[in-house]
Amino acid sequence: MDDLFAVPRGWLESFGEIVKFCARILGDIASLRVFKYFGEVLRQAGILIVSSTLVIWGLVFIIGLQCGIEGAYFDRSVGVPAYAGVFAAWCDLRELVPLCFGYMMAAKVGTGIVAEIGSMRISDEIDALEVMGISGVTFLCATRLLGSMLVLPFVYLCSIGAGFFASYLAVVQQIGDVSSGGYFLIFWQFQNPPDVLYSLIKAMAMAIVIVLVGCYYGYTATGGPVGVGTATAKSMVFNIVSVHVIGMLGTQLFWGANPRAPIGG
Amino acid sequence: MATTAVDRVFAPTRGVLQEAGEMMILTGRTIVSAVKPPYPYGAEFVGQFMFALRLCWFPLLVSTVAFGYEAPGLQAANFLVLFGALDRLGGFFVLASIREFAPFVDAIVLAGVAGTAITADLGARRIREELDALEVLGVDPIKNLVVPRFLALMLVTGLFDIYALLFGVFGGVLATLVNHQPLGPFWATFFNNASTTDLWGSVVKTTLFGAIIAVVCCYKGMTAKGGAEGVGRAVNEAVVIAFLAIFAFNYVFTQVLLATHPALTDIVK
Amino acid sequence: MSFEDSEGTPIAGDLADGSPAAAAGPELTTRPAPPPGASEEEYANHSYKVYPSGRRNVVEFDNTYKSFGRNQILRGLTMGIPEGMVSMILGPSGTGKSVCIKHMVGLLYPDSGDVRVQGESVPDMPDEQLFEMRKKFGLLFQDGALFSSMNLYDNVAFPLRQHTEKSEQEIEEIVMRRLTEVGLGYSRDKLPNELSGGMRKRAGFARALVLEPDILLFDEPDSGLDPVRTALLGELILEIHREMMEDAKAQKKPYLPTFAVVTHDIMSARRVADYINVLWRGRIVEAGPAQDMLNSDNPFIRQFLAGESQGPLTMD
């Protein structure tokens, strides 16, 4: 039985350390210390755009298609095929796009950060930085977090677009129970700007947690290349769970008591 | 110059295709090797099975309850409340949870937790030259390492689907309670709509997800490169490819299923 | 144990009034007690003798203890690195030599005891001061620790770009001079993974040199090198030290350049060292200028410096 609780116990044990570590990174950003290395911030932002955006959009696109066909068939079966737009507006925007964004962020960016910083740790590069009088936390972690914060809102808004486009393709072009105009009428009725903002907040909360967790696991990696691999795997476990929990808390907070729909209520 | 431009466009594509091809070959060899005697992988199979079970039960528990409460629970309840039809949430849960979300969350968690652990483990053996040592000793790494992982992950993912389903529905129950509705109608529409076909379909789908995860993660682990970043990079790539493959496969599966059996989505009162 | 180092007296205060006790070296009046949990017998070969170097110490360890879990690494280490010399910290594998170096630059903190650099206690420093203090150090890591995302030139230029306001042209001048010094002027555009182990070490050396540190530390510079390359690297170290000494004297710097090399390679120690600290079981067995140490009558030192299989040091 002891083994069964290895995962949650591990988290509890390292939780205090993670919080302390994250506070240091956030402190570096809040105190503007990170701006000493603004060039590095921009470089990290650029790397994020070049290497990760397409994959994220691709995944969201697939889930948009999926959501579209599910929604179209479901609405046909309950006799309101014209309302397929609701699925795109709600399912995409409020739930699945943030979640899939979180999944891909964790998989591509989160584990990437662990692998990168972890390998720097074990090949003494972080110690070398420190000996040169440069704080590793500021130079490696805070710059990455700030870089992501600069870029990700735009990446995320584009992925909402990709999800919407995919749902439109699936519902209107592929299944075709509803006309383009009819689809958009419902689609736009069932969302408003605050929804987009809430969705963005949800996704950004996930992204920040993912980057911080990635930095923590990378920065504390030990035990050679094998240790880096293990740390990468562990960060993924933590991130998957936090993505789901943040998604749930966000939904409860933003839409739990108030469906924000144009009809009913 | 023309050739270099062409190269620049096609070289990455060729790399991707080559990897996909190699994964196909690994799948084929794994299946053949699993079927052909001898069968020395029993102990390793049990070990891997228990390993995945131990590692995944908790993350999966949290994830499915959160997901079930969040997406199909709260939001669908929001939607159904508009039409005064919250009692159909149970029916919706059959549609959403059994067919889509439970398999989906199950696969994501298994890939993220067990898959990454497998890649890290095999990658470690690759760079410690344990895999080479096995081959020198005349032991086939595919039969002794990949096959048990492949089978164990298929079985675990299939079984965890039911587990995910239970806790996903539990999330739906929570959502119903939060909306101050009695649970009776929820269960009534749930059981009216649930069919063993649904369950079987769901389990078969997740078993195939398990196979995808196992092949991708084993492949990436066994081809991990040396150097400080090698294993970490392998895990990184494995989980990205596994996610994309799961999503793509799921899309095709749903597409075919719904196009051929549109009546599946009818909600019976 | 207390000790002061004023005006270049030997570091240990417990020494017999520092009288130059001829060739035998200074004798101890009171032996320090063995660390907790160890018997006197395990430390029988520790004579704790320190032959005078005639220089003040820039780095001092004062009764430092450090353990990782149940693994005790430093067990009451008391050691000095004299100024302006090439010092060796010698010891069998796994005796905490690299841990020593990490204590000097504040990458690790002692469990108890003190580490002082130029008279200031490292464990007590606040972060800001620590980062300033570290700029006095150059550290050559075992595998060079070059940043794998940058080419050789950018690696060496990195500290200059981060810490100085020099123009790109001045930076290029300095970087190329250093790269040429270590014999890598022709491969400035290569990435670290395209270099051999020896080249990575030399590149790390160049990077450690660009800020003209007062104290240069070398973590096993000979690990993974063939004997010829090791000898060449040793020569390079000596040559650069000589050159830096001349510069420092010409510029009248407050501190002369000090090199400390951690190694278990006796051959390079014989060739390169001015001063030798021999470390075993987390304490110094004996320390002193190279000539005194090579003539020491301590059986452990004799065995170790001669690299023989017969003697107090065994496989365990």
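This report covers the chain contacts, one helix crossing and one sheet of a predicted model.

**Chains and their contacts**

Two pairs of chains touch, and the pair with the most contacts is A and B. Chains B and C do not touch. The nearest C-alpha atoms of chain B and chain C are 9 Å apart.

**Helix crossing between chains A and B**

Helix 3 of chain A spans residues 84-122, and helix 2 of chain B spans residues 42-82. These two helices pack at an angle of about 140°, and their axes lie 11 Å apart. That angle makes helix 3 of chain A oblique to helix 2 of chain B. Angles over 145 degrees would count as roughly antiparallel. The crossing of the two helices is right-handed.

Which residues meet here? On helix 3 of chain A they are A:Val86, A:Trp90, A:Arg94 and A:Glu95. On helix 2 of chain B they are B:Glu70, B:Ala71, B:Gln75 and B:Phe79. By class, this helix contact has four nonpolar, one polar and three charged residues.

**The side of chain C that touches chain A**

The contact draws 15 residues from chain C and 11 residues from chain A. Three elements of chain C each supply at least two residues to the side that touches chain A: helix 2 (127-134), strand 7 and helix 3 (152-163). The residues on that side of chain C divide into nine nonpolar, two polar and four charged.

The class make-up of the two contacts is set out below.

| Set of residues | Nonpolar | Polar | Charged |
|---|---|---|---|
| Helix 3 of chain A with helix 2 of chain B | four residues | one residue | three residues |
| Side of chain C that touches chain A | nine residues | two residues | four residues |

**Fold of chain C**

Chain C has nine helices and 11 strands. Of its 316 residues, 44% count as buried. Take the contacts in chain C between residues at least 6 apart in sequence: 66% of them join residues at least 24 apart.

Seven strands of chain C form an open sheet with mixed pairing. Their order is 1-11-10-4-9-8-7. Where does the sheet end? Its edge strands are strand 1 (49-50) and strand 7 (137-140), and each pairs on one side only. Strand 7 of chain C also supplies at least two residues to the side that touches chain A.

Within the sheet, strand 10 (residues 275-280) and strand 11 (residues 283-289) of chain C pair in the antiparallel sense. Six bridges join this pair. One residue match can be named: C:Val278 has C:Glu286, in strand 11 of chain C, as its bridge partner.

Note on methods: Residues are numbered from 1 along each chain as its sequence is written. Chains are lettered from A and ligands numbered from 1 in the order in which they are written. This is a predicted model: local features need pLDDT of at least 70, side-chain atom pairs count only at pLDDT 80 or more; totals for chains, interfaces and linings use all residues. Axes are lines fitted to C-alpha atoms, for helices over the stretch in contact, and angles run from 0 to 180 degrees between N-to-C directions. Helices (H or I, at least four residues) and strands (E, at least two) are DSSP runs, numbered from the N terminus. Angles under 35 degrees count as roughly parallel, over 145 as roughly antiparallel, 65 to 115 as roughly perpendicular and the rest as oblique. A crossing is left-handed if the near helix is turned anticlockwise from the far one by less than a right angle, and right-handed if clockwise. Two residues are in contact if their C-beta atoms, placed from the backbone, lie within 7 Å. Ala, Val, Leu, Ile, Met, Phe, Trp, Tyr, Cys and Pro count as nonpolar, Asp, Glu, Lys and Arg as charged, and the others, Gly among them, as polar. Two strands pair if DSSP finds at least two bridges between them. A residue is buried if 20 or more other C-beta atoms lie within 10 Å of its own, exposed if 12 or fewer, and partly exposed in between; C-beta atoms are placed from the backbone.
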